[in-house]
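Me: Please take a close look at one part of this model, and then carry the description on from there into its surroundings. I would like one connected account rather than a list.

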Protein chains: 2
Amino acid sequence: MAKKKKEVPITGITVSKEDDFSGWYTELLNKAELADIRYNIKGFVVYREWATITINKMYRKYEALLEKNDHLPLTMPSLIPESNFLLEAQHVEGFAPEVFWVTEAGSSGKLAERLALRPTSETALYKMYSLWIQSYKDLPFKRYLSCQVWRYEGKMTRPFFRGREFHWIEAHDVFATMEGAMGQVKQDMEMTYQMLQDELAIPIIFFERPQWDKFAGALKTFAADALMGSGKVLQLPSTHLLGQNFSKPFNVKFVDKDGNEKFGYQTCYGPAQSRNYGAMIAYLGDDKGLVLPFDLAPVQIVIIPIIYKSKEDLILSKAKMIYNKFKDEYVVKLDDSDESVGNKFYYWELKGVPIRIEVGPKDIEKNQVVIVKRHSGEKFTIKDEELQNFIGKIAENYTKEIKEKSIIDFESQVECVYEKDAAIEAINNGKIVCCGFCSIDMDAYRCAEVVEKEIGGEVRGIRVDEEKHEFATCLICGKPAGCTVYIAKSY
Amino acid sequence: MAKKKKEVPITGITVSKEDDFSGWYTELLNKAELADIRYNIKGFVVYREWATITINKMYRKYEALLEKNDHLPLTMPSLIPESNFLLEAQHVEGFAPEVFWVTEAGSSGKLAERLALRPTSETALYKMYSLWIQSYKDLPFKRYLSCQVWRYEGKMTRPFFRGREFHWIEAHDVFATMEGAMGQVKQDMEMTYQMLQDELAIPIIFFERPQWDKFAGALKTFAADALMGSGKVLQLPSTHLLGQNFSKPFNVKFVDKDGNEKFGYQTCYGPAQSRNYGAMIAYLGDDKGLVLPFDLAPVQIVIIPIIYKSKEDLILSKAKMIYNKFKDEYVVKLDDSDESVGNKFYYWELKGVPIRIEVGPKDIEKNQVVIVKRHSGEKFTIKDEELQNFIGKIAENYTKEIKEKSIIDFESQVECVYEKDAAIEAINNGKIVCCGFCSIDMDAYRCAEVVEKEIGGEVRGIRVDEEKHEFATCLICGKPAGCTVYIAKSY
């Protein structure tokens, strides 16, 4: 049940994030005008202006990072002929239940072949790769698409987290050797840490997913899980070692230095921008509304004149002076609307603007302004001559400060357990469980089913970074443990 | 027939643009690796890396311009329920023959309602506008989408010019009055001039299209036509005065200052980025390949070391020094591959890199480099100490220089005629005809049909900017002329 808080204007969030995450998230989406679920196709939502601006900024950052790591952009058709789609058997099996099909066009009626709205682009791209890649000189071949994909999701949709149309980047790389491909998987994970942790301030941990939970057609899947504040994890970008599983059916071959024709080794990597956005606002937000990393905020500084009748001109002209001082370097908004000062405070806090500068009559007299940092609520009174420096420092440190708070939260949520009952209790208490497990190969699937049914969580896989814990036996079957896994509920 | 030129390496263009525009364009697309038509759905092509980079730059510039003019971005689903689609009768009639329909999904089979792949977004967006717009305070309401659209084209497709999936921006604005809407149409035309003429160096003329050639559902359509070098025009961005044609069926209402509920006045504007790109490369390109505006070139400066064995280190180190000098300000490529110097020259000319810097042994001795400007082929020998300044000047003036050449070309292609035979001759000679015409209302459609059948051109409409010519009679029926129109062949 949503608890109502006191003293919040109608525009503010009324549900507490801690008490009712779902209710809080829904209110945040509506009141901060981030998404509109009233579009009349189930599972399809409108991303509104404030969300689109930030998602676009995320795209530009991710694209720059991919290009720095030698990827080039491509633009692919969004329709895939059914005949392409059928070439890799596991892939078909995994994606067929989720495909939207175009079957008719214009007045001519039925098409000769069904066309899939891409649920992912492997089967569109790799036909082209087989034409473009000829020689070892063409390798590594690293390309990315910024696009949307469509999946007829059976699960409950939730704006940004899971929808039937979502916006992502997909990178598809080809190498001459398996080692080259594995090196790319590592680079993909590094890029994910850089973007998710450093830029979006979301703490993540990479897991090698169990074989029963890998990308359809991959050899191995490595996925980032983030803790979302309600004890659940959310899968964020994942990268997949495809090996030669696709290069063989799609004929992605090259002539090696030794003159022999060989199949390429492939990887694919899918950082979903809209889902990352959802994770970020859900993770960083608080009961006042959005908290946004400085670079990603649609407005970075809001200036609020606190008008008193006799000093109106003085106050407004100082506010404008401050606006002009910062407008070239930051995205600044001067809110000189007719709303009350209190409503303005609430509104821009809801919108997650990192810095508020208040200009009141007392401040004019004392040659100062009041500055409030959104993420912490800290308030500073700053002399005019120190303003530029002070804003510069906040801008520089704002995202780092959010990140520091986030990291601590994550580690505290993990609990090591040695018995099933303890695991059940930990999961019920909103913890991530760390425990011994047979393996993550298909033959451990039975133990995973027990985890799902009796513990109420999912095996997320083996942690990719350094693993401190060691367990003697599998939590479920009691046989000698082959690995350490993490168990959590997921979105 | 394509004439073969001499002395061109296998990587270069072999067809002359003047002799065979179509053959030249196809070779340009293939050899400069801009588009790949081998994707296995008819009318759907891959935009390759070099094209995608430039198109992305065009998007960023257009988006910045729209935002400067008070537009905000939105992200809409790309599917539209058939029931939305049917709300505006003329719109349905115009677009129905071109719609791709999604009718099936996953294993569940048939969908309850057919979903259109958006051919344009009016019928998706305006349902949302009716929810978002309440009061005159919400107006003007100006939004844009950067997205792709799908149209099941009957006409011949040609990469970038016309395809069954293309990439554009669509801006959809709502005003309290018809004057407000008409003001937006003017702003849209100004933005088009700014982007097309100043940034892309394509000369355009805006025409108010005849009523038989307007956007389906609009009151009036204003479209930019560009001359493409082979006597044909190409329609580039167009802006449409919708009036209340959509606001009524879609219920886009607001409460005005006087307390009364009124329907909004709307405009929509659709600058197609992929088509603008096609027009740009077709218009600016020459028999060596691409010519690109400086800001839009994926690589702006290429440095080519001319290696002589004994001086290899010296030359390479000077080339690297120059690379380092410019790499922060421009996109620079140092081509130290094994290809011959001649092949490198041809290759980067083909790719349209604006500035080539050559570093040879003689240049080292004389503390100089050789610089070649792509668009003019001009060659300069520049002392090392003047290099920075000189490059800065080329960068600043390069696009302006291209534009100056372009503008002259356009005006010279127009011919005023007073008789049908003269019109036929002018059209056959690759001219745009300027003549008297009854009107551009529906009752002049008969004369327009004669133009199409007997003259072999299309009535493009009334020129929006100042019109110098005056004609007494309609070219076709001889009745008193109601207006001056232009006739041309079009792509």
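Reply: A good place to begin is the end of helix α6 of chain A, which is followed by A:A201, a residue whose phi is positive, near 60 degrees. The model is predicted, and the values that follow should be read with that in mind. The helix itself covers residues 178–199, 22 residues in total, and reaches 31 Å from its first C-alpha to its last, close to the 32 Å expected at 1.5 Å a residue. Its buried positions include A:A181, A:Q184, A:V185, A:Q187 and A:D188, and further along the helix A:M191, A:T192, A:M195, A:L196 and A:E199 are also buried. An α-helix has 3.6 residues a turn, so residues three or four places apart point the same way.

Further along chain A comes strand β9, residues 204–208, which runs antiparallel to β22 of chain A and is joined to that strand by two bridges. In this pairing A:E208 has A:I462 of β22 as its bridge partner. Strand β22, residues 458–463, is mostly covered, with five of its six residues buried. Three bridges also join β22 to strand β23 of chain A, residues 483–490, again in the antiparallel sense, and here A:E458 stands opposite A:A488.

These strands can be placed in the wider layout of chain A, which is divided into domain 1 (56–284), domain 2 (299–396) and domain 3 (414–490). The C-alpha centres of domain 1 and domain 3 of chain A lie 28 Å apart, and 18 residues of domain 1 are in contact with 19 residues of domain 3. On the domain 1 side, the elements that give two or more residues to this contact are β9, β10 (220–227) and β11 (232–243) of chain A. The residues of that side divide into ten nonpolar, four polar and four charged.

The largest nonpolar core has 299 residues, and those with the most contacts inside it are A:A226, A:V433, A:I487, B:A226, B:V433 and B:I487. In soluble globular proteins, nonpolar side chains tend to be buried together. Leaving aside residues up to four places away in sequence, B:V433 touches, among others, B:V417, B:A426, B:I427, B:Y486 and B:I487. Its neighbour B:A426 lies in helix α13 of chain B, residues 420–428, and counts as buried because 24 C-beta neighbours fall inside 10 Å. With the same sequence neighbours set aside, B:A426 touches B:E415, B:V417, B:K431 and B:V433. By contrast, the C-alpha atoms of B:A426 and B:K318, 108 residues apart along the chain, are separated by 55 Å.

The contact between the two chains takes 43 residues from chain B and 43 residues from chain A. On the chain B side, the elements that give two or more residues include α2 (49–68), β5 (100–105), β6 (109–117) and α5 (122–132), and β5 of chain B gives the most, with six residues. The residues of this side divide into 25 nonpolar, ten polar and eight charged. Strand β5 of chain A, residues 100–105, and β5 of chain B pair in the antiparallel sense over five bridges, and within that pairing the bridge partner of A:A105 is B:F100.

Key: Residues are numbered from 1 along each chain as its sequence is written. Chains are lettered from A and ligands numbered from 1 in the order in which they are written. This is a predicted model: local features need pLDDT of at least 70, side-chain atom pairs count only at pLDDT 80 or more; totals for chains, interfaces and linings use all residues. Two residues are in contact if their C-beta atoms, placed from the backbone, lie within 7 Å. Helices (H or I, at least four residues) and strands (E, at least two) are DSSP runs, numbered from the N terminus. Ala, Val, Leu, Ile, Met, Phe, Trp, Tyr, Cys and Pro count as nonpolar, Asp, Glu, Lys and Arg as charged, and the others, Gly among them, as polar. Two strands pair if DSSP finds at least two bridges between them. A residue is buried if 20 or more other C-beta atoms lie within 10 Å of its own, exposed if 12 or fewer, and partly exposed in between; C-beta atoms are placed from the backbone. A nonpolar core is a set of buried Ala, Val, Leu, Ile, Met, Phe, Trp, Tyr and Cys residues joined through C-beta atoms within 7 Å. Domain bounds come from an automatic or database domain assignment. The expected span of a helix is 1.5 Å times one less than its number of residues.
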